[in-house]
Amino acid sequence: MQRFILTGAPGAGKTTIIRRLAERGLATVAEAATDIIAREQADGIDAPWEHPEFIDRIARLQAERIDAAIDPVQLHDRSPVCTLALARHLDVPVPDSLHRLLDRIATRRLFVRRVFFVDGLDFIERTAARRIGLADARRFGVLHARIYEELGYELVTIPPGPADARAEFLRAQLVA
């Protein structure tokens with residue numbers, strides 16, 4: 001089984017790229033943090049990332065999704081390493097659930113060590129879940145890259161450009 005990771009700064013275009021590849025038949029795994037935020041905002045919690053259990057909820061959902069994904073080739077919209085970057089960005093403690101998940105993905109080598117890093121665009125579209133500005137998004141992207149590299153992953157940059165071209169670039173990398 002080959003599990004690939006797509007990551008990058010908030011608003012860089014990861015989800016758009018993943019959707020384009022899913023439309024072409026690639027098995028994809030949705031980003032857990034966005035789904036946690038949407039679920040909790042629907043329950044009336046305006047800023048779920050301010051709650052102490054936020055990182056734990058993300059890690060638990062990521063573990064469930066990793067276990068449920070059975071396709072021989074998968075593309076994950078973010079990974080537990082991204083959740084570690086988020087915890088550091090938010091300056092909150094890393095919960096045991098995330099420590100265990102990071103240990104599990106490292107010891108079992110659950111993800112391909114070549115990670116696809118979507119280079120940011122020159123703008124950011126704010127949403128209910130994405131309230132970060134462009135400067136902070138760029139800093140967050142740099143933090144992501146640093147943490148992946150610290151953990152021994154190799155980053156392959158997907159340059160800015162039209163979504164279809166970016167999706168095709170990534171698809172070509174997956175079959176190479």
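How many of the seven residues of strand β1 are buried? Six of them are, and β1, which spans residues 2-8, is therefore described as mostly covered. The model discussed here is a predicted one.

## The sheet

Strand β1 belongs to an open sheet of five strands, arranged in the order β2-β3-β1-β4-β5. The pairing throughout this sheet is parallel. At the edges lie β2, residues 27-29, and β5, residues 154-158, each of which pairs on one side only. From one strand to the next, the twist averages 30 degrees. As background, strands of a sheet pair through backbone hydrogen bonds, in either a parallel or an antiparallel sense.

In the strand order, β1 stands between β3 and β4. With β3 it pairs in the parallel sense over five bridges. One residue of this pairing is R3, whose bridge partner in β3 is Q74. On the other side, β1 is joined to β4 by three bridges, and these two strands also run parallel. There, L6 has F116 of β4 as its bridge partner.

Strand β4 covers residues 114-118 and is joined to β5 by five bridges, again with the strands running parallel. Within that pairing, V115 is matched with L155 of β5.

## Helix packing

Two helix pairs are described next, with their geometry set out in the table.

| Helix pair | Angle between axes | Axis separation |
|---|---|---|
| α2 (residues 32-42) and α3 (residues 54-68) | about 120 degrees | 9 Å |
| α1 (residues 14-23) and α7 (residues 163-175) | about 65 degrees | 9 Å |

Helices α2 and α3 pack at an angle of about 120 degrees. Because of that angle, α2 is oblique to α3. The crossing of these two helices is right-handed. On the α2 side, the residues that meet α3 are A32, A33, D35, I36, I37, R39 and E40, and on the α3 side they are F54, R57, I58, L61, Q62 and R65. By class, the contact of α2 with α3 consists of seven nonpolar, one polar and five charged residues.

Helices α1 and α7 pack at an angle of about 65 degrees. Their angle makes α1 roughly perpendicular to α7. Here too the crossing is right-handed. Helix α1 contributes T16, I17, R20 and L21 to the contact, while α7 contributes A163, D164, R166, A167, L170 and R171. The residues of this contact of α1 with α7 divide into five nonpolar, one polar and four charged.

## Residues with positive phi

Which loop holds R78? R78 lies in the loop between β3, residues 73-77, and α4, residues 80-90. Its phi is near 75 degrees, a positive value in a residue other than glycine. R78 is buried, because its relative accessible area is 11% and the cut-off for buried is under 20%.

D91 also has a positive phi while not being glycine, with a value near 60 degrees. D91 lies in the loop between α4 and α5, the latter spanning residues 96-107. Is D91 buried or exposed? At 70% relative accessibility D91 counts as exposed, because the cut-off for exposed is over 50%.

## Two further positions

P93 is found in the loop between α4 and α5. With a relative accessibility of 70%, P93 counts as exposed. From P93 to E168 the separation is 75 residues in sequence and 38 Å in space, taken from C-alpha to C-alpha.

R60 sits in helix α3. The relative accessible area of R60 is 45%, so R60 is partly exposed. Which residues does R60 contact, leaving aside its neighbours within four places in sequence? They are S97 and R100. R60 and A12 are 48 residues apart in sequence, and their C-alpha atoms are 25 Å apart in space.

Conventions. Residues are numbered from 1 along each chain as its sequence is written. This is a predicted model: local features need pLDDT of at least 70, side-chain atom pairs count only at pLDDT 80 or more; totals for chains, interfaces and linings use all residues. Side-chain values use heavy atoms; hydrogens and water are left out. Two strands pair if DSSP finds at least two bridges between them. Helices (H or I, at least four residues) and strands (E, at least two) are DSSP runs, numbered from the N terminus. Axes are lines fitted to C-alpha atoms, for helices over the stretch in contact, and angles run from 0 to 180 degrees between N-to-C directions. Buried means under 20% relative accessible area, exposed over 50%, partly exposed in between (1.4 Å probe, protein chains only). Angles under 35 degrees count as roughly parallel, over 145 as roughly antiparallel, 65 to 115 as roughly perpendicular and the rest as oblique. A crossing is left-handed if the near helix is turned anticlockwise from the far one by less than a right angle, and right-handed if clockwise. Contact means heavy atoms within 4.5 Å. Ala, Val, Leu, Ile, Met, Phe, Trp, Tyr, Cys and Pro count as nonpolar, Asp, Glu, Lys and Arg as charged, and the others, Gly among them, as polar.
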